[in-house]
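User: Hello! I have this model open on my screen and would like a close look at one part of it, with the terms explained as you go. Could you walk me through how one helix packs against its partners?

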Amino acid sequence: MKNYFSRLLALVLAVSLCLFGCASSPDGLTGNYQQDTLAVVQSLRTAIELPDDSPEKAPAQASARVLINDFASRYRRDPAIAKLRSFTTMRTALNGLAGHYSSYPNRPVPEKLKQRLEQEFDQVEAAVKRGA
């Protein structure tokens, strides 16, 4: 009886892991490049625009760093996406913001970098909507 119960439990765990463990992406990205790109842009804009004295600033920056890494690692190996203009511009923006967060984690994003990121995010959104 004990052997039967342990095998049944192992089967139930394996089935539940297959059904629920593989159902969604752990990084929060959908796998649809256009949707993911627009969602990342929106999330990063929110993180950048938060006031410096906001209590949500530190968690937003940490979330932004994870999102940058997840986005880059998911799409950089796909040759069809890596050659898109929207992807190369997005990588430029992500590298700039990630570099700031790595070098100056306790300092606010400089206005000059904010302006450049905003310009690049606008270019990315336009290119994604065009399909480029």
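Analyst: Happily; here is a tour of one helix and its two partners, starting with how far to trust the model.

This is a predicted model, in which local features need pLDDT of at least 70 and side-chain atom pairs count only at pLDDT 80 or more, while totals for chains, interfaces and linings use all residues. Residues are numbered from 1 along each chain as its sequence is written, and side-chain values use heavy atoms, with hydrogens and water left out.

The chain has a mean pLDDT of 84, with 79% of its residues at 70 or more; pLDDT is the predictor's confidence in each residue, from 0 to 100. Confidence is highest in α6, at 95, and lowest in helix α1 (residues 2-21), at a mean of 52. Helices here are DSSP runs (H or I, at least four residues), numbered from the N terminus. Over residues 21-26 the pLDDT is below 50. Where pLDDT is low, the predicted coordinates should not be read in detail.

Now to helix α2 (residues 33-49), which packs against helix α6 (residues 111-130) at about 160°, with the axes 10 Å apart. Axes are lines fitted to C-alpha atoms, for helices over the stretch in contact, and angles run from 0 to 180 degrees between N-to-C directions. The two helices, α2 and α6, are therefore roughly antiparallel (over 145 degrees; under 35 counts as roughly parallel, 65 to 115 as roughly perpendicular and the rest as oblique). Among the residues making this contact are Tyr33, Val41 and Arg45 of α2 and Lys114, Phe121 and Glu125 of α6; contact means heavy atoms within 4.5 Å. The residues of this contact divide into 9 nonpolar, 2 polar and 6 charged. Here Ala, Val, Leu, Ile, Met, Phe, Trp, Tyr, Cys and Pro count as nonpolar, Asp, Glu, Lys and Arg as charged, and the others, Gly among them, as polar.

On its other contact, α2 meets helix α5 (residues 85-103) at about 30°, with the axes 12 Å apart, so α2 and α5 are roughly parallel. Residues including Val40, Leu44 and Ala47 of α2 and Phe87, Met90 and Leu97 of α5 make the contact, which divides into 11 nonpolar, 2 polar and no charged residues.

Finally, two residues of α6 are worth a look. Glutamate 120 lies in helix α6 and is buried at 10% relative accessibility, where buried means under 20% relative accessible area, exposed over 50%, and partly exposed in between (1.4 Å probe, protein chains only). Leaving aside neighbours within four places in sequence, glutamate 120 touches Thr89, Thr92 and Ala93. Alanine 127, also in α6, is buried at 3%.
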